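Trainee: Could you go through this structure with me, and explain the words as we meet them?
Mentor: Gladly. Here it is.

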Amino acid sequence: MRLSETADVWWKNAVIYCLDVETFFDTDGDGRGDLRGVGQRIDHLAELGVTCLWLMPFYPTPDRDDGYDITDFYGVDRRLGTHGDLVELITLAKDRGIRVIADLVVNHTSDQHPWFQSARASRESPYRGWYVWRDQPPPDADKGVVFPDQETSLWQYDEAAGQYYLHRFYKYQPDLDIANSEVREEIERVIGFWAELGLSGFRVDAVPFLLDTAGAEDAANLPDPHDYLRELRSFLDRRQGQSMLLGEVNLPYPDVQRFYGTDGDELTMCFDFITMQRLYLSLARSDPAELVKALHERPDPPGRGQWAMFVRNHDELTLDKLSDAERQEVFDAFGPDKNMQLYGRGLRRRLPSMLGNDADRIRMVYSLLFSLPGTPVLFYGEEIGMGENLAAPDRHAVRTPMQWTAEVNGGFSTADPNDLPAPMVEGEFGPQNVNVAAQRRDRDSLFSWMKLLIRRYRECPELSWGTCTILETEAESVFAHRSDYDGGTIVAVHNFAPADTKVTLAVAGAGVGVRAVDLFADRTWEVREDGTMTVELPSYGCRWFRIVRPGDRYLV
């Protein structure tokens, strides 16, 4: 593999780390995290092994939806810092080999955005056509409501405008009309602006909604929205080579595949929501069969494309692609209290609390994350096993301040606790028990385990570039797969059950002198002449092996 190949498509074997600036680290004592705070903690990400930092919205906002209600797509919220602070952060990250991407939230604006304020004031406003208006809502106005506990319709009547406007999300987030050529050009200007400041790409929010023109007048005669996604990708490639678009597309696999484009000319990466949901069902059953099913069904992305893998993100842990009975299984296992559930379709908990803080099981899940084909994405705090605060409303339960030390406010801020953007986690998962400082000094901590996983992942190009083959096992609780690339082979084995087990696997072709080097321990395993080996796994155990043939040179 040529070095230029990995540089040109760096996202194929990246380690992406998502954080919310206002909950990461506060440098000025106002209770809110800031861009300078992220810069001061950039060495934490470098030590962990992160290669791509994803910033959640930092734009000016009334902050009714955690920054996703934006009033200026070209600005930086003054409470978080300045454009200069952002450029400095990008420079600090670049110096450590970390690229920076940001949320692109252009499906809608805040209703306080100057564009919407102008649009609602007059039908002659140049921005009137930037939004979707109707004199009367359609008969199916209640279909497809994203937040059913807070909204009952996709259309909201505006007294000043004298019409209804479309909003796929909250009523204070009117949708932009993607069918309007001026809106399309403005979005290109927005991404061009941030690319010039040094961003290496964007996580594109709610892509299917962004491209949905169903609410527009004469929608049937509009151009294919995917043509615009191709234009956007082409524009970004021209402005900033080696940039990527990571799309939030929570749809069935055949529909997601369309968003990559016919030749990989639309989105660069898509989150794999289906494998994530099937993983949780497999964990609930202590049986990897559903995970295997998802991987068999998952289409391969185009050559330069990649799937983005995750076990947690900043939203609710959606289970919407499971059947009602399957979803209930996951609820029963990991969120039996109604307060742990959200919208009847997901969970508002973090992984460690869902798994009862079982260290072996938690480590096994993250071993899966880094060994499954795709690019791993971490949500801040996962590296130390942070929990949630169910006293916070809806999705904010998992958006609590980062826990740096055992001090007041977890070392996040010196402000009064009442001034923090969200309440700290308390109890078993509070900063007295879970924090970065303590885990950095503990070689047996989750943080140390995550560093090891990331180091091994980066040393094994087979995992991100290779062909994945799921291996047959005689134990129903064991998931095993091998990844082959450029003559190299990695085999990963995971036990989903709380009991020791032993399996025999076909890991290589017939031959003499083949070995399996354990990548987590100082041990070499025997591979028989028929290419099989026997692996012993403890409760929730996991192992990665490099298959070494006579004459191979390898790095442990």
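Mentor: Let us start with a helix pair: Ile362, Arg363, Tyr366, Ser367 and Phe370 of α14 meet Leu446, Trp449, Met450, Leu453, Ile454 and Tyr457 of α16. This is a predicted model, where local features need pLDDT of at least 70, side-chain atom pairs count only at pLDDT 80 or more, and totals for chains, interfaces and linings use all residues. Residues are numbered from 1 along each chain as its sequence is written, and side-chain values use heavy atoms, with hydrogens and water left out.

Trainee: What makes these residues a contact of α14 with α16?
Mentor: Contact means heavy atoms within 4.5 Å. The helices themselves are DSSP runs (H or I, at least four residues), while strands are runs of E with at least two, numbered from the N terminus.

Trainee: How do the residues of the contact of α14 with α16 divide by class?
Mentor: Nine are nonpolar, one is polar and one is charged. Ala, Val, Leu, Ile, Met, Phe, Trp, Tyr, Cys and Pro count as nonpolar, Asp, Glu, Lys and Arg as charged, and the others, Gly among them, as polar.

Trainee: Why are α14 and α16 called roughly parallel?
Mentor: Helix α14 (residues 359-371) and helix α16 (residues 446-459) pack at about 20 degrees, with axes 10 Å apart. Axes are lines fitted to C-alpha atoms, for helices over the stretch in contact, and angles run from 0 to 180 degrees between N-to-C directions. Angles under 35 degrees count as roughly parallel, over 145 as roughly antiparallel, 65 to 115 as roughly perpendicular and the rest as oblique. Therefore α14 and α16 are roughly parallel.

Trainee: Which term fits α10 and α11?
Mentor: Helix α10 (residues 273-285) packs on helix α11 (residues 289-297) at an angle of about 160 degrees, and their axes are 7 Å apart. They are therefore roughly antiparallel to each other. By class, their contact has seven nonpolar, two polar and three charged residues.

Trainee: What about α6 and α8?
Mentor: The axes of helix α6 (residues 181-196) and helix α8 (residues 225-239) come within 10 Å and cross at roughly 30 degrees. That makes α6 roughly parallel to α8.

Trainee: Which hand does the crossing of α6 and α8 have?
Mentor: That crossing is right-handed. The term is left-handed if the near helix is turned anticlockwise from the far one by less than a right angle, and right-handed if clockwise. α14 also passes α16 in a right-handed crossing, and α10 passes α11 in a right-handed one.

Trainee: How do you know that β3 and β7 pair?
Mentor: Two strands pair if DSSP finds at least two bridges between them. Three bridges join β3 (residues 99-104) to β7 (residues 201-204), which run parallel. Here Asp103 stands opposite Arg203 in β7.

Trainee: Where do β3 and β7 fit in the barrel?
Mentor: Eight strands close into that barrel in the order β1-β2-β3-β7-β8-β9-β10-β14, with parallel pairing. The twist averages 25 degrees from one strand to the next.

Trainee: What makes β4 and β5 edge strands?
Mentor: The open sheet has three strands in the order β4-β6-β5, with antiparallel pairing. β4 (133-134) and β5 (155-158) each pair on one side only. β4 and β6 (residues 163-166) pair over two bridges, and Arg134 stands opposite Tyr164 in β6.
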